[in-house]
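Please work through the exercises below with the sequence and the 3D view side by side, and try each task before reading its solution.

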Amino acid sequence: MKKVEAIIRPHLLDAVRTALQEVEVIGMTISEVQGYGRQRGHTETYRGAEYQIEFIPKIKVEVVVPDEIEDAAIEAIIKTARTGKFGDGKIFVVALDDVIRIRTGERGEAAL
């Protein structure tokens, strides 16, 4: 099992969610996060005053998938979240030792 964490642009969340559902990803966790990468934020002008925005709003999508659909899930995220511009985000893949469903005590892939 793998945990796939993707940091994406907020307006692409619905497209990424739909793409993951099409490759049979069952559940996901979504968080609103802020951060920056190579773009180091940007400058905006409001009522004539210029100010620096250091942290860019992003969405963090977390899914736990069986090894068999890991590549399909990653490819679905890449296809739907890529714009080709700075700030498209990142995908992190982490191996999981175990997953436990609290309600029933099921472990491993049965708990997904």
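The exercises that follow deal with confidence, the sheet, the core, an aromatic pair and a few single residues.

**Exercise 1. Confidence**

Task: Find what the mean pLDDT of the protein chain is, and which elements have the lowest and the highest mean values.

Solution: The model is predicted, and the step to take before any other is to look at its confidence. The protein chain averages a pLDDT of 92, and 98% of the residues score at least 70. Going element by element, strand 3 (residues 42-46) has the lowest mean, 73, whereas helix 2 has the highest, 98. As a rule for reading any such model, predicted coordinates should not be read in detail where pLDDT is low.

**Exercise 2. The sheet**

Task: Work out in which order the four strands of the open sheet lie, and which of them are the edge strands.

Solution: Begin with the order, which is 2-5-1-6, with antiparallel pairing. Next, look for the strands that pair on one side only; these edge strands are strand 2 (29-35) and strand 6 (90-95). From one strand to the next, the twist averages 20 degrees.

Now follow the pairings of strand 5. On one hand, strand 2 and strand 5 are joined by seven bridges and run antiparallel; in this pairing Q34 has P57 as its bridge partner, while G35 has I56. On the other hand, strand 1 also pairs with strand 5 in the antiparallel sense, over seven bridges, and here K3 stands opposite V64.

As a last step, consider how enclosed strand 5 is: seven of its 10 residues are buried, so strand 5 is largely enclosed by the rest of the structure. Helix 1 lies across strand 1, strand 2 and strand 5, and the angle at which helix 1 runs to strand 5 is about 10 degrees.

**Exercise 3. The nonpolar core**

Task: Identify which residues touch the most other members of the largest nonpolar core, and which element gives the most to this core.

Solution: The largest nonpolar core has 17 residues, and those that touch the most other members are I8, L20, V63 and I77. Then ask where the core comes from: strand 1 (2-8), helix 1 (13-22), strand 5 (56-65) and helix 2 (70-81) are the elements that give two or more residues to this core. Helix 2 gives the most, with five residues.

To see one member in detail, take L20 and set aside its neighbours within four places in sequence; L20 is then in contact with V25, M28, V61, V63, A73, A76 and I77. Such grouping fits a general pattern, since in soluble globular proteins nonpolar side chains tend to be buried together.

**Exercise 4. The aromatic pair**

Task: Explain why the pair formed by the rings of Y36 and F55 is called tilted, and which parts the pair ties together.

Solution: The structure holds one aromatic pair. The ring centres of Y36 and F55 are 5.7 Å apart and the planes stand at 45 degrees, so the pair is tilted; planes under 30 degrees apart would count as stacked, and those over 60 as edge-to-face. Next, place the two residues: Y36 is in the loop between strand 2 and strand 3, and F55 is in the loop between strand 4 (49-53) and strand 5, so the pair ties together parts that are 19 residues apart in sequence. As for accessibility, Y36 counts as partly exposed at 43%, and F55 counts as partly exposed at 43%.

**Exercise 5. Three single residues**

Task: Decide whether E24, F86 and L112 are each exposed, partly exposed or buried, and describe the surroundings of F86 and L112.

Solution: The cut-offs needed are under 20% relative accessible area for buried and over 50% for exposed, with partly exposed in between.

- E24, in the loop between helix 1 and strand 2, is exposed, with a relative accessible area of 65%. E24 also has a positive phi of about 70 degrees, although it is not a glycine.
- F86, in the loop between helix 2 and strand 6, counts as exposed at 66%. Beyond residues up to four places away in sequence, F86 touches R9, R38 and Q39; F86 and R38 are 48 residues apart in sequence, yet 7.5 Å apart from C-alpha to C-alpha.
- L112, in the segment after strand 6, counts as partly exposed at 27%. Not counting residues up to four places away in sequence, L112 touches M1, I26, V64, V65, P66, V99 and R101.

Key
Residues are numbered from 1 along each chain as its sequence is written. This is a predicted model: local features need pLDDT of at least 70, side-chain atom pairs count only at pLDDT 80 or more; totals for chains, interfaces and linings use all residues. Side-chain values use heavy atoms; hydrogens and water are left out. A nonpolar core is a set of buried Ala, Val, Leu, Ile, Met, Phe, Trp, Tyr and Cys residues joined through side-chain atoms within 4.5 Å. Buried means under 20% relative accessible area, exposed over 50%, partly exposed in between (1.4 Å probe, protein chains only). Contact means heavy atoms within 4.5 Å. pLDDT is the predictor's confidence in each residue, from 0 to 100. Two strands pair if DSSP finds at least two bridges between them. Axes are lines fitted to C-alpha atoms, for helices over the stretch in contact, and angles run from 0 to 180 degrees between N-to-C directions. Rings of Phe, Tyr and Trp (its six-membered ring) pair if their centres lie within 6.5 Å; planes under 30 degrees apart count as stacked, over 60 as edge-to-face and the rest as tilted.
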